[in-house]
Amino acid sequence: METILAIDDEREILDFVSRLIQKYIPDAGVLTASSGPEGIRTARDQQPDTILLDINMPEMDGYEVCRRLKEDERTRHIPIIIFTGMRTDPASRIKGL
């Protein structure tokens with residue numbers, strides 16, 4: 001069974017993403033984290049197969065979360081899909097890559 005970790009500071013978004021995943025990938029397990037630090041801890045502890053990561057979050061934005069996950073030997077292998085409704089300019093896209 002695949003496990004997907006969704007990291008977003010908005011509970012409504014996490015609930016929506018969880019329902020969407022369960023609808024289209026019913027065998028997948030869904031983990032959620034409502035902040036960057038919580039997401040990093042969850043990724044280290046649970047070793048999900050994929051991470052869905054919001055960019056716009058207080059305290060620690062998604063770019064910093066991604067950087068820390070990719071620097072950590074325990075989590076660098078986990079694919080990260082970045083999503084956002086705000087930063088869609090070319091510079092932000094390049095930064096995400």
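The exercises below work through a predicted model of one protein chain, from its overall layout to single residues.

Local features need pLDDT of at least 70 and side-chain atom pairs count only at pLDDT 80 or more, while totals for chains, interfaces and linings use all residues. Residues are numbered from 1 along each chain as its sequence is written, and side-chain values use heavy atoms, with hydrogens and water left out.

**Exercise 1. State how many helices and strands the protein chain has, and in which order they run.**

Step 1. Helices (H or I, at least four residues) and strands (E, at least two) are DSSP runs, numbered from the N terminus.
Step 2. The protein chain has four helices and four strands.
Step 3. From the N terminus on, their order is β-α-β-α-β-α-β-α.
Step 4. Contact means heavy atoms within 4.5 Å. Of the contacts with a separation of 6 or more, 68% are between residues 24 or more positions apart.

**Exercise 2. Find which residues of α1 are buried and where they lie around the axis.**

Step 1. Buried means under 20% relative accessible area, exposed over 50%, and partly exposed in between (1.4 Å probe, protein chains only). In the protein chain, 39% of the 97 residues count as buried.
Step 2. In α1, the buried residues are Leu14, Val17, Ser18 and Ile21.
Step 3. They cover an arc of only 100 degrees around the axis, so they are on the same side of α1. The arc is that of the directions from the helix axis to the C-beta atoms.
Step 4. An α-helix has 3.6 residues a turn, so residues three or four places apart point the same way.
Step 5. The buried residues of α1 pack against β1 (3-7), β2 (29-33) and β3. The face turned away from the buried side carries the exposed residues Glu12, Arg19, Lys23 and Tyr24.

**Exercise 3. Describe the surroundings of Ser18.**

Step 1. Ser18 is found in helix α1 (residues 11-24).
Step 2. Ser18 counts as buried because its relative accessible area is 18%.
Step 3. Its side chain reaches the backbone oxygen of Leu14 at 2.9 Å.
Step 4. Beyond its neighbours within four places in sequence, Ser18 is in contact with Val30 and Thr32.

**Exercise 4. Identify the elements that build the largest nonpolar core.**

Step 1. A nonpolar core is a set of buried Ala, Val, Leu, Ile, Met, Phe, Trp, Tyr and Cys residues joined through side-chain atoms within 4.5 Å.
Step 2. The largest one has 13 residues, and those with the most contacts inside it are Leu5, Ile7, Ile51, Leu53, Val65 and Leu69.
Step 3. Two or more residues each come from β1 (3-7), α2 (36-46), β3 and α3. The most come from α3, with three residues.
Step 4. A second, separate core of seven residues includes Ala6, Val17, Ile21 and Leu52.
Step 5. Leaving aside neighbours within four places in sequence, the contacts of Leu53 include Ile7, Val65 and Ile81.

**Exercise 5. Place two loop residues, Glu59 and Thr84, and state how far each is covered.**

Step 1. Glu59 lies in the loop between β3 (50-54) and α3 (62-71). Glu59 is exposed because its relative accessible area is 72%.
Step 2. Outside its neighbours within four places in sequence, Glu59 is in contact with Ser35 and Pro37. Glu59 and Pro37 are 22 residues apart in sequence and 8.7 Å apart in space, C-alpha to C-alpha.
Step 3. Thr84 is in the loop between β4 (80-83) and α4 (90-96). Thr84 counts as partly exposed because its relative accessibility is 27%.
Step 4. Not counting residues up to four places away in sequence, Thr84 touches Asp54, Ile55 and Asn56.

Definitions and conventions
A polar contact is a pair of N or O atoms within 3.5 Å; within protein, one must be able to donate a hydrogen and the other to accept it, and residues adjacent in sequence count only if both atoms are side-chain atoms.
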